Amino acid sequence: MQPSPPPPGEAPIVLEARGVSMQYPGTLALDRVDFRLRRGQVSALVGENGAGKSTLVRILAGIQRPSRGSLRLDGSEISMRSVRDAERLGIGIIHQELNLCPNLSVAENIFLGSELTAHGLLDRRRQESAARELLARLDQSIDPRKQTGDLPLGLQQIVEIAKALSRDVRVLMMDEPTSALSAAEISMLFRVIRGLTTRGVAVVYISHRLDELLNISDSVSVLRDGRMVAEADAKQVDLPWIVETMTGRKAGPMPAEAWVFRDEVLRAEALSLTSERGRDLVRSVSLCLRAGEVVGIYGLMGSGRTEFLECLMGLHPEVAGSVFLDSKRLDGLAPAARIGMGLAMAPEDRQAAGLVQSLSVLAN
């Protein structure tokens, strides 16, 4: 185990995992992991993809049962067979992939499984009023009667958070909660998290945005290859320490040869896309990408990032401008033809646009 900075300040332990292991066929996802959540603190859980973060969180939330080890709540051993058991104990989770029904209203999603009733019947007015109050706590004015599937992905994430808050949680797990949020929405979420911790709620926070993670966390726990390799006070660590502990390799400057870019691979010339209502979604955007190069595209939600990538893939035949791959013009080619030429896209919403859930891993 890598030497760690001093542990975070002592606060009462609410939920604890002791020697938790999770064995899948051919894979040991977690190996004798100890993890403690303290009252009123945000515990950051970090690690590379496949390190075991989501597996540990699912066990803590009652979604999975560990192969070995035990869980303790307020010092007493507990056994959870379902998410319902976890909710009754005051343990909630916000998943990385949204867990909403797009055909239901915002209020119906927030209270799904715990509907508000009067005389044995669903009390829609009371439910919508309570949903409006929860959303107001999140500084949001979303209409609780609106169909959830009609909302942008970022607002659907807000509904997911409101759903978790509607339960009287003592422990709240957040798995990549800001992946689809703007900077303003992230600031709002951080205010909500701090409001929860002042009321004694223990929060688990998972994010690949390490700078934001240090801003909100009280402690940092690092998983590597299914093992807990370090725990530290967030005030005593920095980004290089986190990266080195996650990877097991000392961070250093990139070798000079890594900065040598080769021939142009992809070029977009003055791409423009207009919505049916005449609003500019993409306006005269050009881009050049060379072999061995990584180009970052940044912008707030609604700025046109997704639409620009969709134009590159040929998802909008009405786009103006041109796209070239290895100097070959792609204008007019369907997405399947572009994929065949070596152009690929990992979409923002993996469940809706990236995977066919009913097909096998091999088919996908």
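Here are some notes on this predicted model, going from the whole protein down to a few residues worth a look.

1. Start with the overall make-up. The protein has eleven helices and 16 strands. Its radius of gyration is 23 Å, close to the 21 Å that the globule rule gives for 364 residues, so the protein is as compact as a globular protein of that length. If you want a feel for the dimensions, the C-alpha atoms fill a box of roughly 65 × 60 × 40 Å along the principal axes.

2. Next, inside and outside. Of the 364 residues, 42% count as buried. The accessible surface comes to about 19,500 Å², and carbon and sulfur atoms own 51% of that. As for contacts with a separation of 6 or more, 63% of them are between residues 24 or more positions apart.

3. A quick word on charge. You'll find 43 positive and 45 negative side chains here, and the centres of the two sets lie 4 Å apart.

4. Now have a look at helix α1, residues 53-60. Six of its eight residues are buried, so α1 is largely enclosed by the rest of the structure. Which residues of α1 are buried? They are Lys-53, Thr-55, Leu-56, Val-57, Ile-59 and Leu-60. Lys-53 is an entry in that list that you may want to find in the viewer. After α1 comes Gly-62, with a positive phi near 80°.

5. On the other side of α1, check Gly-52. This glycine sits in the loop between β3 (42-46) and α1. Is Gly-52 buried or exposed? Its relative accessibility is 7%, and under 20% counts as buried, so Gly-52 is buried. Leaving aside residues up to four places away in sequence, Gly-52 touches Ala-29, Leu-30 and Leu-223. There is also a pairing with Arg-224 to look at: the two are 172 residues apart along the chain, yet their C-alpha atoms are separated by 7.6 Å.

6. Ser-322 deserves a point of its own. The residue lies in strand β15, residues 320-325, and is buried, with a relative accessible area of 11%. Which side chain does the side chain of Ser-322 make a polar contact with? The partner is the side chain of Arg-329, at 2.7 Å. Not counting residues up to four places away in sequence, Ser-322 touches Arg-267, Ala-268, Glu-269, Leu-271, Arg-329 and Asp-331.

7. Stay in that area for strand β13, which covers residues 264-274 and includes Ala-270. Ala-270 has a positive phi, near 50°, and is not a glycine. With 34% relative accessibility, Ala-270 counts as partly exposed. Among the residues that Ser-322 touches are Ala-268, Glu-269 and Leu-271, but Ala-270 is not on that list.

8. Last, Ser-327. Where is Ser-327 placed? You'll find Ser-327 in the loop between β15 and β16 (328-329). Although Ser-327 is not a glycine, its phi is positive, at about 70°. Ser-327 is exposed, with a relative accessible area of 61%, whereas Ser-322 is buried at 11%. So if you click through these serines in turn, you go from a buried place in a strand to an exposed place in a loop.

How values were computed: Residues numbered from 1 in each chain as written. Heavy atoms only, no water. Helix = DSSP H or I, 4+ residues; strand = E, 2+ residues; numbered from the N terminus. Buried < 20%, exposed > 50% of the residue type's maximum accessible area, 1.4 Å probe, protein only. Polar contact = N/O pair within 3.5 Å; in protein donor to acceptor, adjacent residues only side chain to side chain. Contact = heavy atoms within 4.5 Å. Rg over C-alpha atoms; globule rule 2.2 N^0.38 Å. Areas by Shrake-Rupley, 256 points an atom, 1.4 Å probe, with all protein chains shown as cover. Lys, Arg positive; Asp, Glu negative; His and termini not counted. Charge placed at Lys NZ, Arg CZ, Asp CG, Glu CD.
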